[in-house]
Amino acid sequence: MIKLVLFSVLIIAICIAFICVRVFSSENGEMKSMHVHDSKHMKERGIHCVIDQDKEDRIRGERVSGKLHSKKNDKQNR
């Protein structure tokens, strides 16, 4: 049991050491953003974050359903 705990602590310490090395070796002590909207190559390809895509789809859906709803009302009023 003690060996397992010590082994786990050793693995966690090694991981923290690697993260520290990366932070200290990067500019201004900050890590690059790995988010889709911050990637130059993704922007060039027109690929967006899934949250942005969902927002765009919802806006498009509201426009479509609004038009359909107004057409139904027009037909009922005739």
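Cysteine 49 is buried, at a relative accessible area of 8%, where buried stands for under 20% relative accessible area, exposed for over 50% and partly exposed for anything in between (1.4 Å probe, protein chains only). Cysteine 20, by contrast, is partly exposed, with a relative accessible area of 35%. As for disulfides, taken as pairs of cysteine sulfur atoms within 2.5 Å, the count is zero. Across the 78 residues of the protein, just 1% are buried.

All of this comes from a predicted model, in which local features need pLDDT of at least 70 and side-chain atom pairs count only at pLDDT 80 or more, while totals for chains, interfaces and linings use all residues. Residues are numbered from 1 along each chain as its sequence is written, and side-chain values rest on heavy atoms, with hydrogens and water left out. The pLDDT, the predictor's confidence in each residue on a scale from 0 to 100, averages 78 over the protein, and 74% of the residues reach 70 or more.

The fold is simple to list: three helices and zero strands, running α-α-α from the N terminus on. Helices here are DSSP runs of H or I with at least four residues, strands are runs of E with at least two, and both are numbered from the N terminus. Confidence varies along the chain, with α1 having the highest mean pLDDT of the elements (92) and α3 the lowest (67).

On the outside, the accessible surface adds up to about 7800 Å², and carbon and sulfur atoms account for 62% of that. These areas come from the Shrake-Rupley method with a 1.4 Å probe; for residues, only the protein chains shown count as cover. A nonpolar surface patch brings together Phe7, Leu10, Ile11, Ile14 and Phe18, with about 510 Å² of accessible area between them. Patch members need over 30% relative accessible area and no salt bridge; nonpolar side chains (Val, Leu, Ile, Met, Phe, Trp, Tyr) are joined within 5 Å, like charges within 9 Å. One of the patch residues, phenylalanine 7, sits in helix α1, which covers residues 2–25.

Charged contacts come next. A search of the whole structure turns up three salt bridges, each being a side-chain nitrogen of Lys or Arg within 4 Å of a carboxyl oxygen of Asp or Glu. Aspartate 54 pairs with arginine 58 at 3.0 Å, N to O. These two side chains belong to residues four apart in helix α3 (residues 50–77), so aspartate 54 and arginine 58 are separated by about one helical turn. Aspartate 54 is partly exposed, at 35% relative accessible area, whereas arginine 58 is exposed, at 56%.

Arginine 60 takes part in a network of salt bridges with Glu56 and Asp57. Its closest N and O atoms to glutamate 56 are 3.8 Å apart, and the corresponding distance to aspartate 57 is 3.0 Å. Both pairs fit the helix: arginine 60 and glutamate 56 are four residues apart in α3 and hence separated by about one helical turn, while aspartate 57 and arginine 60, three residues apart in α3, are likewise separated by about one turn. As to exposure, arginine 60 is partly exposed at 46% relative accessible area, glutamate 56 is partly exposed at 32%, and aspartate 57 is partly exposed at 43%.
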